[in-house]
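User: I am in my first year and would like to take a close look at a single part of this model. Please go slowly and connect each step to the next.

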Amino acid sequence: ARFYEDKRAFFAEQLRGSRFELLPCRGTYFQLARYDAIADLPDKEFACWLTREAGVAAIPVSAFYADSHDDRVIRFCFAKREATLAAAGERLRAL
């Protein structure tokens, strides 16, 4: 548990100064993030755009709803090496 808490804290620090709004998360290795300060795209389109434009993959949260409910929230996996998280943070802060 402590290992992933440290990873989450490290990733959150990398996103400090970005326009993402990090949402509380516990017991997971995914960080939820609201992106409406960056774009007005549906979450599936935003996730594709983010992968193409910033080279950072994210999962649209609407994929987990039967009705595809979209709150403009995506999730990032932070179970990665710190170098990978730091590179992602740099790219995400530039958006």
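Which residues are buried in helix α2, and how does that helix fit with the parts around it?

Analyst: Please keep in mind throughout that this is a predicted model. Helix α2 runs over residues 43-54, which is 12 residues, and from its first C-alpha to its last it reaches 15 Å, close to the 16 Å expected at 1.5 Å a residue. The buried residues in α2 are Asp43, Phe46, Ala47, Leu50 and Ala54, where buried means that the relative accessible area is under 20%. These residues cover an arc of only 100° around the axis, which puts them on the same side of α2.

The next step is to ask what that side meets. The buried residues of α2 pack against β3 (59-60), against β4 (73-77) and against α3 (82-93). Just after the helix, glycine 55 takes a positive phi of about 70°.

Since α3 is among these partners, it can be read in the same way. Helix α3 has 12 residues, which should span 16 Å at 1.5 Å a residue, and this agrees with its end C-alpha atoms, which are 16 Å apart. Buried in α3 are Leu85, Ala88, Gly89 and Leu92. They cover an arc of only 105° around the axis, which puts them on the same side of α3, whereas Ala83 and Glu90, on the other side of α3, are exposed. What covers the buried residues of α3 includes α2, where we began, together with β4 and α1 (2-14).

That last helix leads to one more step. Two packed helices are described by the angle between their axes and the distance between the axes. For α1 and α3, the axes come within 8 Å and cross at roughly 30°, which makes α1 roughly parallel to α3, as angles under 35 degrees count as roughly parallel. The crossing of these two helices, α1 and α3, is right-handed. On the α1 side, the residues that meet α3 are Lys7, Phe10, Phe11 and Gln14, and their partners in α3 are Glu82, Leu85, Ala86, Gly89, Leu92 and Arg93. Leu85, Gly89 and Leu92 of α3 therefore appear twice in this account, being buried and also among the residues that meet α1.

To return to the starting point, the buried residues of α2 pack against α3, and α3 in turn has buried residues covered by parts that include both α1 and α2.

Definitions and conventions:
Residues numbered from 1 in each chain as written. Predicted model: local features only at pLDDT ≥ 70, side-chain atom pairs only at ≥ 80, totals over all residues. Heavy atoms only, no water. Helix = DSSP H or I, 4+ residues; strand = E, 2+ residues; numbered from the N terminus. Expected span 1.5 Å × (residues − 1). Buried < 20%, exposed > 50% of the residue type's maximum accessible area, 1.4 Å probe, protein only. Arc of directions from axis to C-beta. Contact = heavy atoms within 4.5 Å. Axes fitted to C-alpha atoms, helices over the stretch in contact; angles between N-to-C directions. Parallel < 35°, antiparallel > 145°, perpendicular 65-115°, else oblique. Left-handed = near helix turned anticlockwise from the far one by under 90°.
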